[in-house]
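Visitor: I have a model open and want to go through its ligand site and pockets. Can we take them one at a time?

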Amino acid sequence: MEASLVDPSPRKIAGMDVGPLAFGHWRFVGDDDAGADALVEAALDLGMNLHDTADVYGFDWGGEGMGHAERRLGGVLSRHPDWREQMVIVTKGGIIPGVPYDSSPTYLRKACEASLARIGVDHVDAYLIHRPDLLGHPEQVAETLLGLREEGKIGAIGVSNHTLEQTRALEALLGEAVAVTQPEFSVAELGPIRSGLFDHAMAVGTVPMAWSPLAGGRVPTGEGLPAPLVAVLDELAADRGVSRSAIAMAFVLAHPARPIAIVGSQKVERLEDAVTALGVGLTRADAYRIIEVSEGVPLP
Ligand code: NAP
């Protein structure tokens, strides 16, 4: 039988092993402490030791505003301080709703320090520029990030939603590759495999983190997805005896850049379903079928 492309082995960030599935905190809002604790504990139990948050999480999905999701994570850690050592925490800064982007040295430093205070930690394991500041000079961004790392406030340096050229410019001025890149990537968003972002990540050893691996919920509901894509996912799901979401998650994990899929659900049973993706047998032919129906154009 043909070997599966899905690679369930740990990835490495800042020298630490992280599971191929991360727990995403974008929708981690609400005021239920017990619920927050239960969700984080379930994620850790399922091997999702990488926790992805951002200062702006909490601004939407019914949150109280900027900082809410980080404060909620801080609350979990204050009640369960022993969980910190099991976790690899990634946060991001550089978005200010209404501005909307600022990666100037003064702002970025203040944003990072505010994130640490809200989460209640002395450092985060990786800090990412959430979106490129089109009016910021990458030299200043590089200096600020290197300074924060030098002070021990951040472990690894990364970017999110950066183009290949924006990534390369920052890397040239950092004098090293970014440790993490976080683009949107799913069966419905193939940009990173077409733009050269994943090729570059493989060339320099950057770990990709795929955001919205279920296209923000459009994969399970099917809403707004091309009908042929849903049909192929369903056919593969029936054949492998897993959910449509598990096939889509497996596709994300199958790329040789070894992406980490950031699971966004806030329901334990759906986190459990995501784990079934790790055992899915997905062949090269399966993955190419998905690419073809996603793009809607026959491969040459
Ligand atoms: P996702 O896993 O693609 O989508 C999660 C959404 O799908 C949730 O609303 C979830 O609802 C819903 N869902 C899952 N299974 C479902 C089902 N069977 N039926 C109906 N709905 C279902 O991920 P995401 O939340 O969009 O993004 C994941 C993470 O990526 C975020 O938490 C964040 O950490 C990161 N992210 C980063 C950026 C960036 O710019 N860097 C942008 C977006 C996201 P339930 O909670 O009800 O299950």
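**Ligand shell and pockets**

Guide: Start with the shell around the ligand. By class, this shell has eight nonpolar, 13 polar and five charged residues. The model is predicted.

Visitor: How many residues surround the ligand, and which are the closest?
Guide: A residue counts here if one of its heavy atoms lies within 4 Å of the ligand. That gives 26 residues. The closest are Arg27, Asp52, Ser212, Ser265 and Lys267.

Visitor: How far is the polar side-chain atom of serine 212 from an oxygen atom of the ligand?
Guide: A polar contact needs N or O atoms within 3.5 Å. The pair formed by serine 212 and a ligand oxygen lies at 2.6 Å.

Visitor: What share of the ligand's area does the protein bury?
Guide: Take the ligand alone as the reference. In that state the ligand exposes 920 Å². Of that area, the protein buries 86%.

Visitor: Which side chain has a polar atom 2.8 Å from a nitrogen atom of the ligand?
Guide: Two side chains share the value 2.8 Å, so the ligand atom decides, given that N and O both count for a polar contact. For arginine 270, the ligand atom is an oxygen. The nitrogen partner is glutamine 182.

Visitor: Which pocket holds the ligand?
Guide: The test is that more than half of the ligand's atoms lie within 2 Å of a pocket's grid points. The ligand sits in the largest pocket.

Visitor: What is the volume of the largest pocket, and which residues are closest to its centre?
Guide: The volume is about 810 Å³. The lining holds 36 residues. Closest to the centre are Trp26, Arg27, Ser212, Gly216 and Gly264.

Visitor: Which elements give two or more residues to the lining of the largest pocket?
Guide: One strand is on the list, E10 (260-263). The helices are H8 (218-221), H10 (244-254) and H11 (268-275).

Visitor: How do the residues of the largest pocket's lining divide by class?
Guide: Glycine counts as polar in this scheme. The lining divides into 14 nonpolar, 14 polar and eight charged.

Visitor: What is the volume of the second largest pocket, and how does its lining divide?
Guide: The volume is about 370 Å³. The 13 lining residues include His255, Pro256, Ala287, Tyr288 and Ile291, the closest to the centre. By class, the lining has 10 nonpolar, one polar and two charged residues.

Visitor: Which element gives the largest share of the second largest pocket's lining?
Guide: Helix H6 (191-194), H10 and helix H12 (284-295) each give two or more residues. The largest share is four residues, and it comes from H12.

Note on methods:
Residues numbered from 1 in each chain as written. Predicted model: local features only at pLDDT ≥ 70, side-chain atom pairs only at ≥ 80, totals over all residues. Heavy atoms only, no water. Polar contact = N/O pair within 3.5 Å; in protein donor to acceptor, adjacent residues only side chain to side chain. Areas by Shrake-Rupley, 256 points an atom, 1.4 Å probe, with all protein chains shown as cover. 1 Å grid on protein atoms, 1.4 Å probe; cavity = no way out; pocket = protein on both sides within 12 Å on 5 of 7 lines; lining within 4 Å. Points joined across faces, edges and corners; volume = space filled by probe spheres on them.
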